[in-house]
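User: I am new to this structure and would like a close look at a single part, the strands and the ligand site beside them. Please take me through it in one connected account.

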Amino acid sequence: MTEEGIMLDEVLVNEQPSTDTEETAPCFQTPGPTVTFHNLRYRIKERLGMFSRQWVEKDILKDVSGILNPGMNAIMGPTGSGKTSLLDVIAGRKDPKGLKSGQVLVDNTIVTSDLRLCSAYVVQNDILMGTLTVRENLAFSANLRLSRKEYSSADKQMRVDSVIQELGLKDCADTKIGTMFLRGVSGGEKKRCSIGMELITSPSLLFLDEPTTGLDANTANSIMELLQKLSKQGKTVIFSIHQPRYSIFSQFDHLTLMNKGEIIYAGAANKAITYFEGLGYKCEPFNNPADFFLDVTNGTVLSQIHNNKSEKCSNSDEMVENENPLAVIYRKSPHFLNVKDRLIQISDGLDPEVTKGDRVGYATPFYYQLMLVSGRTVRHILRNPQTSYAQLFLNIFFGILVGLIYYQIPHTLPEALQNRTGAFFFLVINMVFGNLSAVELFISERVLFIHENSSGFYRTSVYFLSKVFADLIPNRILPVFIFSAIPYFMMGLKPDVEAFFLYCVTMSMVSLSAVSLAFLISASVGSFAMANILIALPYVVMMVFGGFLVNLNSMLSGMSWLKWASIFRYGYNALAIIELKDQVFTSNYTSMTGDMYLDHQEIDYSTWGFWQNQVALTA
Ligand SMILES: Nc1ncnc2c1ncn2[C@@H]1O[C@H](COP(=O)(O)OP(=O)(O)OP(=O)(O)O)[C@@H](O)[C@H]1O
């Protein structure tokens with residue numbers, strides 16, 4: 001199959017961008033909403049020590065409220081002050097269990113967690129498919145997030161072109177994003193592409209987590225200019241940022257300054273200096289305001305008035321108890337009282353029955369998502385075929401090796417039985433351990449999946465099925481047939497079509513069972529190292545209880561039940577039945593049937609006895 005042949009994108013990703021700019025549909029037109037958040041209190045639970053049973057609760061947002069209008073809304077503060085947490089809670093991206101009180105309103109209406117499906121969120125570390133080009137990534141977003149009823153292929157194509165044009169991505173549109181092994185587009189272009197992935201849906205509300213982190217000064221500037229351009233078109237752009245330089249700070253309309261989970265200033269960005277100067281903090285000439293604010297929060301710059309006032313305020317219980325006096329002062333300031341009045345008005349006029357986002361669902365149907373996501377996975381594999389080639393090569397190599405070791409097994413005892421059973425066990429071991437690479441499947445793209453799934457690209461089941469199909473066929477099923485066929489004929493096993501077919505079925509079932517276990521572990525843990533440790537344990541235990549290394553009948557009864565969970569045992573038994581049943585083996589003095597051996601090993605070789613192994617492998 002060629003890459004071009006894959007039915008992957010309705011938008012023809014290989015098509016050159018439309019050069020006629022007048023035809024390009026203008027995007028980013030919808031005016032942005034006003035976002036208000038009321039008394040948000042977010043709490044996390046942390047274990048005291050690694051093995052401790054005690055938990056401590058920590059408030060990471062302490063009763064924060066505010067109003068964010070269309071324009072550039074920056075959330076600033078020192079590390080750990082709660083910027084990202086506030087952004088995530090507003091965007092509906094933080095675990096709702098931690099939200100102890102408060103609510104978020106969009107245009108005076110309660111939003112459900114579906115806000116995440118109808119707003120755009122650009123994460124800090126760009127999460128894109130590295131083997132696809134900028135245009136292909138954008139097309140993927142357009143195809144999955146724009147409804148097929150409302151947008152034709154041409155509309156989607158136009159939208160992709162429009163985003164490329166607006167974000168200045170024309171020169172790198174057909175360059176791959178890049179992976180660990182493949183040099184791709186620059187950091188700034190990657191960030192633009194990440195923003196573009198979200199702008200495809202033309203959202204009026206855009207969240208960005210630290211959009212300038214990791215970028216050089218010029219690139220950071222150009223990203224912020226782009227955001228400012230969007231905000232000037234009426235969008236509500238809300239972002240967290242750590243310590244921007246002056247040219248970036250001067251583009252902010254509204255500033256929310258955080259410290260220790262509380263707001264210490266919220267209001268017009270250009271009035272923040274005046275506010276802090278009013279509290280007695282002096283910003284030296286030529287000092288960057290962003291640096292000044294961080295110095296204020298860190299206590300590097302001290303307030304004369306505040307120092308005097310602290311004596312005056314020492315009677316105030318709130319001031320004495322609160323370890324964040326700037327937050328207390330802010331809550332008493334006219335700035336906050338103003339915000340509070342407006343929030344009370346909004347809350348009073350709120351109709352709890354009317355909610356936003358109730359009916360937001362996926363833009364495309366299940367089968368269409370499955371087709372697109374599988375297409376992308378196949379394209380990714382074709383552009384990154386090393387694993388598939390290695391899998392194929394290893395299977396051919398081991399197939400020939402087993403064939404050579406057990407070449408043309410005679411029918412004379414004792415080799416006839418010893419070599420056959422040894423070969424079966426070796427084959428099953430290869431089949432199981434050859435699938436260790438499957439643990440990597442859900443780990444390597446975990447972050448991409450979580451981001452795309454929570455942004456409403458596709459359903460969880462779609463991703464799972466697409467990975468299973470795209471990995472199973474090239475990496476698990478095809479190599480199994482090669483691995484099975486080579487040694488079967490080299491070893492001279494039963495020359496019978498039915499026996500060969502059943503042998504292939506058994507090998508496939510062993511492979512699929514081993515892969516399923518690897519998938520289960522892969523989906524349950526977060527790191528590759530952990531997955532490797534966890535998969536080795538059941539594989540080794542299953543191998544010991546496989547029936548070849550130890551006589552299961554002579555085992556401690558308390559342990560022998562483990563044989564029922566052994567993929568090795570079911571695979572080995574099935575192969576032994578296929579090959580040994582109805583065969584007669586001879587030596588100089590005696591003869592022995594395969595059935596006698598199976599009886600001796602207590603292997604049930606009746607028809608049901610054989611198929612129950614297949615059923616167990618399927619289970
Ligand atoms: N899920 C969580 N589990 C434990 N602690 C958390 C969790 N989320 C946030 N925190 C803690 O809450 C505090 C605020 O975190 P947050 O990421 O919001 O800060 P930030 O201001 O964005 O910091 P940075 O600039 O370093 O990203 C930090 O002390 C952080 O360790």
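Analyst: In the hairpin formed by β4 and β5, two residues lie between the strands, and D107 there takes a positive phi near 50°. The model is a predicted one. Strand β4 covers residues 99–106, and β5 covers residues 109–111. The two run antiparallel and are joined by two bridges. One of the facing pairs is L105 with I110, its bridge partner in β5.

L105 also leads to the next strand along. On β1, T36 stands opposite L105 of β4. The neighbouring residue pair can be followed too: F37 has V104 in β4 as its bridge partner. Between β1 and β4 there are six bridges, and these two strands run antiparallel.

β1 has a further pairing, with β2. Here the sense is again antiparallel, and 10 bridges hold the count. An example is K45, whose bridge partner in β2 is E57. As a general point on reading such pairings, side chains in a regular strand alternate between the two faces of the sheet.

The strands β1 and β2 bring us to the ligand. β1 (35–47), β2 (55–68) and the helix α1 (83–91) each supply at least two residues of the shell around the ligand. The largest share comes from α1, with three residues. In total 14 residues surround the ligand, and the closest are I60, G80, K83, T84 and S85. Sorted by class, the shell has three nonpolar, six polar and five charged residues.

Several polar atoms of the protein lie beside oxygen atoms of the ligand. For K83, a polar side-chain atom is 2.7 Å from a ligand oxygen. For S81 the backbone is involved: one of its polar atoms is 3.1 Å from an oxygen atom of the ligand. For K58, an N or O atom of the side chain is 3.3 Å from a ligand oxygen. The ligand would expose 630 Å² if taken alone, and the protein buries 64% of that.

A set of six other strands forms an open sheet of mixed pairing, in the order β6-β7-β8-β3-β9-β10. β6 (120–122) and β10 (262–268) are the edge strands; each has a single partner, so one side of each is left without a neighbour in the sheet. From one strand to the next the twist averages 15°. At the β6 edge, the partner is β7 (residues 205–209), which pairs with β6 in the parallel sense over three bridges. Within that pairing, V122 stands opposite L208 in β7.

Further along the chain, the UniProt record, an unreviewed entry, places the feature "transmembrane region" at residues 389–409, 421–443, 473–493, 500–522 and 528–550. Two of these spans can be described from the model. Residues 389–409 are 81% helix and 0% strand, with the end C-alpha atoms 30 Å apart. Residues 500–522 are 100% helix and 0% strand, and their end C-alpha atoms lie 33 Å apart.

To return to the part you asked about, the hairpin of β4 and β5 has D107 with its positive phi, β4 joins β1 through six bridges, and β1 pairs with β2. Both β1 and β2 then contribute to the ligand shell.

Technical notes: Residues numbered from 1 in each chain as written. Predicted model: local features only at pLDDT ≥ 70, side-chain atom pairs only at ≥ 80, totals over all residues. Heavy atoms only, no water. UniProt positions renumbered as here; feature names shortened; annotations may be inferred. Helix = DSSP H or I, 4+ residues; strand = E, 2+ residues; numbered from the N terminus. Near = heavy atom within 4 Å. Polar contact = N/O pair within 3.5 Å; in protein donor to acceptor, adjacent residues only side chain to side chain. Areas by Shrake-Rupley, 256 points an atom, 1.4 Å probe, with all protein chains shown as cover. Nonpolar A, V, L, I, M, F, W, Y, C, P; charged D, E, K, R; others polar. Pairing = 2+ DSSP bridges. Axes fitted to C-alpha atoms, helices over the stretch in contact; angles between N-to-C directions.
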